[in-house]
Amino acid sequence: MEPLFITARSAASIGHPAFRWPFPHGKMWPAFYADAAAKAEGEWSLVQASDCKDMWAYEGKPLYTYAKDMKAGETNGDGVGGVWQIAR
């Protein structure tokens, strides 16, 4: 499984369509979408992405992948812009 990332930016700003820092999430930071049968459990929850699809959140923080992590085990997104970090 590829690493999942959270950002230090507020969840409210991430979900807003105008949120474009440092670039559109959809290209470099794809949302970690949930399938239609997904159910929240424990620290895992579902939040609505800016495209109105459900995505996973951990401890209330939306989860993303990083497009530049091309090979298994890469974590190039960790520390990007001083606000992205691996979800733990």
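**Aromatic pairs, cores and a small sheet**

In this predicted model, the count of aromatic pairs comes to 7. One of them joins F5 and W29 in an edge-to-face arrangement, with 5.6 Å from centre to centre and 80 degrees between the planes. The two residues come from distant parts of the chain, 24 residues apart. F5 belongs to strand β1, which covers residues 5-7, while W29 lies in the loop between α2 (25-28) and β2.

Are F5 and W29 buried or exposed? F5 counts as buried because its relative accessibility is 0%. W29 is also buried, because its relative accessible area is 0%.

W29 takes part in a further aromatic pair, with W84. This pair is stacked: the centres are 3.7 Å apart and the planes differ by 5 degrees. It too links distant parts of the chain, since W84 sits in strand β5 (residues 84-86), 55 residues from W29. Both W29 and W84 are buried. Together with F5, Y64 and Y66, these two tryptophans form one aromatic cluster.

The cluster residues appear again in the largest nonpolar core, which has 12 residues in all. Its members include F5, W29, Y64, Y66 and W84, along with M28, A31, A49, M55, V80, V83 and I86. Apart from this core lies another, of 7 residues, among them L4, A34, A38 and Y58. In soluble globular proteins, nonpolar side chains tend to be buried together.

The next feature is the sheet. Strands of a sheet pair through backbone hydrogen bonds, either parallel or antiparallel. Here, an open sheet of 3 strands runs in the order β2-β3-β4, and the pairing is antiparallel. Which strands form the edges? They are β2 and β4 (61-62), each of which pairs on one side only.

β2 (residues 44-48) and β3 (residues 54-58) are joined by 5 bridges. In one of the matches between these strands, V47 has M55 of β3 as its bridge partner. M55 is also a member of the largest nonpolar core. The hairpin of β2 and β3 has 5 residues between the strands, and C52 in this hairpin takes a positive phi near 70 degrees. On the other side of the sheet, β3 and β4 pair over 2 bridges, and the bridge partner of A57 in β4 is P62.

A last contact involves a charge and a ring. The charged end of K53 sits over the ring of Y33, at 5.3 Å from the ring's centre.

Notes. Residues numbered from 1 in each chain as written. Heavy atoms only, no water. Core = buried A, V, L, I, M, F, W, Y, C linked by side-chain atoms within 4.5 Å. Buried < 20%, exposed > 50% of the residue type's maximum accessible area, 1.4 Å probe, protein only. Pairing = 2+ DSSP bridges. Helix = DSSP H or I, 4+ residues; strand = E, 2+ residues; numbered from the N terminus. Phe/Tyr/Trp six-rings, centres within 6.5 Å; stacked < 30°, edge-to-face > 60°. Lys NZ or Arg CZ within 6 Å of the ring centre and 35° of its normal.
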